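Here is a friendly walk through a protein model for anyone who would like to find their way around it before going back to the bench. Please keep the structure open while you read.

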Amino acid sequence: MELTPTSQKETEETWISISDMMAGLMVIFLFIAISYMLYVRSEKDKIEQIAHTYNQLQSALIDSLNNEFRYDFEKWNAELVDTTLSIQFRANRLNVLFGQGEAKLRPYFQNILSEFFPRYLEVLKQFKDEITEIRIEGHTSSEWITGVGPDKAYILNMELSQGRTRSVLEFVLQMPSIEQQDRNWIKGVLTANGLSSSQLLFVEGTEDREDRVKSRRVEFRVQTNAEKRIDIIVNQKQGS
């Protein structure tokens, strides 16, 4: 059928309107896509900035702790673990930190804590605004002295490790050398955490051979606000 001049003009105007509408929608979709890309980039920049700040803080903390204690680690049988910002104490051949199956501190460990903790506090005070928690963690091996089953041993070791970390916390908190102002601060950030055998250490080069000597340890571990700030961003992103 041959279109009349009037029908042909109406058809052309209809196609022009549709093409204009499609062009408008494309602009809108393009705007949405660009906005989303900018949002994602902005969030990524925030996380990268926090990660960068955390790395700087972690390096500064590690350097400060190393400078303060590098000549003491060997005589204390202690170790600074960079990745977790923790200092680990273990018994040696001649001395133990606690009696077997007991939560009471041995004089050997009391002497170490008396020398260590006031200096440790002086180092951490330099990073006071960035620290959210100073964790005293008690870890055990998976065995128990009476040879009970593994589940019962885990529960008994949980009670034991919690008792031991409370003993450590009580001892350091009552040190006469700690000033009241510092005591008020650490009461807000210092926690005792008995973890039983939940974080075993393994013989080097293996993934399942428990190192019972290394697994029995007390750690002083620092947590900073970097993790909390990243969590807030992630939660905001998930809720948006």
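Contact here means heavy atoms within 4.5 Å. Helices (H or I, at least four residues) and strands (E, at least two) are DSSP runs, numbered from the N terminus.

This is a predicted model, in which local features need pLDDT of at least 70 and side-chain atom pairs count only at pLDDT 80 or more, while totals for chains, interfaces and linings use all residues. Residues are numbered from 1 along each chain as its sequence is written, and side-chain values use heavy atoms, with hydrogens and water left out.

**Overall layout**

The protein has seven helices and five strands, and along the sequence they follow the pattern α-α-β-β-α-β-α-α-β-α-β-α. Among contacts with a separation of 6 or more, 70% are between residues 24 or more positions apart. The mean pLDDT (the predictor's confidence in each residue, from 0 to 100) is 87, and 88% of the residues reach 70 or more. Confidence is highest in E4, at 97, and lowest in helix H7 (residues 225–239), at a mean of 68.

Of the 240 residues, 35% are buried; buried means under 20% relative accessible area, exposed over 50%, and partly exposed in between (1.4 Å probe, protein chains only).

**Helix H5 and its two sides**

Which residues of helix H5 (residues 180–189) are buried? They are Asp182, Arg183, Trp185, Ile186 and Val189. Seen down the axis of H5, these residues fall within an arc of 165 degrees, so they line one face of the helix; the arc is that of the directions from the helix axis to the C-beta atoms. An α-helix has 3.6 residues a turn, so residues three or four places apart point the same way. The buried residues of H5 pack against helix H3 (107–125), strand E3 (131–139), helix H4 (150–173) and strand E4 (190–194). On the face turned away from that buried side sit the exposed residues Gln181, Lys187 and Gly188.

Just before this helix, proline 176 lies in the loop between H4 and H5. Proline 176 is exposed, at 79% relative accessibility. Its C-alpha is 10.0 Å from that of serine 114, although the two are 62 residues apart in sequence.

**Salt bridges**

A salt bridge is a side-chain nitrogen of Lys or Arg within 4 Å of a carboxyl oxygen of Asp or Glu. By this rule the count comes to 14. Three of them are listed here.

| Acidic residue | Basic residue | N to O distance |
|---|---|---|
| Aspartate 72 | Lysine 75 | 3.3 Å |
| Glutamate 137 | Arginine 221 | 3.6 Å |
| Glutamate 219 | Arginine 217 | 2.7 Å |

Arginine 221 lies in strand E5 (residues 217–224) and glutamate 137 in strand E3, so the pair ties together parts that are 84 residues apart in sequence. Glutamate 137 is buried, at 1% relative accessibility. Both glutamate 219 and arginine 217 are buried too. Salt bridges that share partners also join Glu68, Asp72, Lys75, Glu115 and Arg119 into one network.

**Two unusual backbone angles**

Two residues other than glycine have a positive phi: asparagine 77, near 55 degrees, and serine 196, at about 50 degrees. Asparagine 77 lies in the loop between helix H2 (73–76) and strand E1 (78–81) and is partly exposed, at 30% relative accessible area. Serine 196 is in the loop between E4 and helix H6 (212–215) and is buried, at 1%.
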